[in-house]
Amino acid sequence: MTLTAAAIFAVVFAALLVVAIRVSLRYRHLLLQSQKSESQLRAVVDTAIDAIIMIDGQGLIQSFNGAAEKILGWRADEVMGRNVKMLMPSPYQDEHDGYLRHHLSTGEKRIIGKAREVTAMRKDGSLLPIRLAVGRVELPGEPLFVGFITDVSQRRAIEESLRASEERFRSLISNLPGVTFRSSPSAACSMLFISDAVEQLTGWNAADFSDGRISMGALVHP
């Protein structure tokens with residue numbers, strides 16, 4: 001090998017070495033960034049208040065965060081790789097696989113991208129009202145489905161308590177003699193509430209007063 005050829009070879013080798021080092025450093029940088037992003041995502045999922053459950057195209061559970069453990073009573077290692085329908089009572093349990101196959105074969109989105117209130121089943125078999133929202137994540141091969149679950153049992157209990165209180169209130173009012181009403185303190189004295197007994201007394205029903213079609217003042221003789 002001549003001196004010139006050796007010099008050219010050395011320069012080319014050095015250039016290739018520099019490229020290889022740069023590629024290696026770039027790959028390591030991207031790998032570290034990917035690991036950092038994955039760690040950040042995992043931290044967000046694990047500390048979320050709502051339950052987050054990920055399943056694959058066969059309905060098998062791939063991820064089950066801490067909130068899901070707390071809300072549904074299962075440990076993550078107990079449910080990983082099992083069909084998500086184990087968390088559902090009938091008829092949802094019986095119908096889930098069919099819904100998933102229908103979506104994958106037709107692309108029809110019955111629940112994807114929507115939120116609805118359904119019932120989940122905890123580990124002890126008790127039923128839990130939840131708000132469920134499902135999203136689809138496109139990945140090479142097959143997609144992942146992500147379910148976001150909110151426990152709405154406390155809200156349901158409050159609503160039921162309010163309904164019971166309203167029923168007791170209406171029962172009390174209906175048994176009081178005469179007409180019971182409440183009006184606003186404004187000059188218009190618009191009716192906020194009036195008992196159904198007003199119809200027997202005046203011939204106008206309660207809705208007529210509440211909607212402003214008639215007022216108590218209009219019934220007073222000039």
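Q: Helices (H or I, at least four residues) and strands (E, at least two) are DSSP runs, numbered from the N terminus. In this predicted model, in which strand is the place of Ile 52, and is Ile 52 buried or exposed?
A: The model is predicted, so local features need a pLDDT of at least 70. Ile 52 has its place in strand 1. Buried means under 20% relative accessible area, and the relative accessibility of Ile 52 is 9%, so this residue counts as buried.

Q: How many helices and strands are there in the protein chain?
A: From the N terminus on, the elements of the protein chain run α-β-β-α-α-α-β-β-β-α-β-β-α-α. The chain has 222 residues, of which 26% count as buried. The elements of the protein chain are seven helices and seven strands.

Q: In what order do the five strands of the open sheet stand?
A: The pairing in this open sheet of five strands is antiparallel. Strand 2 and strand 3 stand at the edges, and because each has a single partner strand, one side of each is left without a neighbour in the sheet. Neighbouring strands are turned by 30° against each other on average, direction ignored. The order of the strands in the sheet is 2-1-5-4-3.

Q: Which residue in strand 2 stands opposite Ile 53?
A: Strand 1 and strand 2 run antiparallel and are joined by three bridges. Ile 52, which is in strand 1, has its C-alpha atom 5.7 Å from that of Asn 65, although these two residues are 13 apart along the chain. Opposite Ile 53, in strand 2, stands Phe 64.

Q: Which residues touch the most other members of the largest nonpolar core?
A: The core has 25 residues, and several elements each supply at least two of them, including strand 1 (51–55), helix 2 (66–72) and strand 5 (144–151). Ile 53 has contacts that include Ser 63, Ala 68, Val 84 and Phe 145, not counting residues up to four places away in sequence. The members that touch the most others are Ile 53, Ile 61, Phe 64, Leu 72 and Leu 87.

Q: Which element gives the most to the largest nonpolar core?
A: Among the elements that each supply at least two residues of this core are strand 2 (61–64), helix 3 (76–79), strand 3 (115–121) and strand 4 (127–137). Apart from this core lies another one, of six residues, among them Met 191, Val 198, Ala 206 and Phe 209. In the largest core, the element that gives the most, with four residues, is strand 4.

Q: What is the bridge partner of Glu 117 in strand 4?
A: Strand 3 and strand 4 run antiparallel, and seven bridges join them. In their hairpin, which has five residues between the strands, Gly 125 takes a positive phi near 90°. The bridge partner of Glu 117 in strand 4 is Arg 131.

Q: Which element gives the most to the lining of the largest pocket?
A: The largest pocket has a volume of about 640 Å³, and of the 28 residues that line it, the closest to its centre are Met 88, His 96, Ile 111, Leu 132 and Val 134. The elements that give two or more residues to this lining include strand 1, strand 3, strand 4 and strand 5. The element that gives the most to the lining, with six residues, is helix 4.

Q: Is His 102 buried, partly exposed or exposed?
A: His 102 is found in helix 4, and its contacts are with Gly 107, Glu 108 and Arg 110, not counting residues up to four places away in sequence. Buried means under 20% relative accessible area and exposed means over 50%. The relative accessible area of His 102 is 26%, so this residue is partly exposed.

Q: What is the value of omega at the peptide bond that joins Ser 90 and Pro 91?
A: Pro 91 has its place in the loop between helix 3 and helix 4. The peptide bond that joins Ser 90 and Pro 91 is cis, and omega there is about 5°.

Notes
Residues are numbered from 1 along each chain as its sequence is written. This is a predicted model: local features need pLDDT of at least 70, side-chain atom pairs count only at pLDDT 80 or more; totals for chains, interfaces and linings use all residues. Side-chain values use heavy atoms; hydrogens and water are left out. A nonpolar core is a set of buried Ala, Val, Leu, Ile, Met, Phe, Trp, Tyr and Cys residues joined through side-chain atoms within 4.5 Å. Buried means under 20% relative accessible area, exposed over 50%, partly exposed in between (1.4 Å probe, protein chains only). Contact means heavy atoms within 4.5 Å. Two strands pair if DSSP finds at least two bridges between them. Axes are lines fitted to C-alpha atoms, for helices over the stretch in contact, and angles run from 0 to 180 degrees between N-to-C directions. On a 1 Å grid over the protein atoms alone, a cavity is a set of points where a 1.4 Å probe fits but cannot get out, and a pocket is an open set with protein on both sides within 12 Å along at least five of seven lines; lining residues have an atom within 4 Å of a point. Grid points are joined across faces, edges and corners, and a volume is the space filled by probe spheres set on the points.
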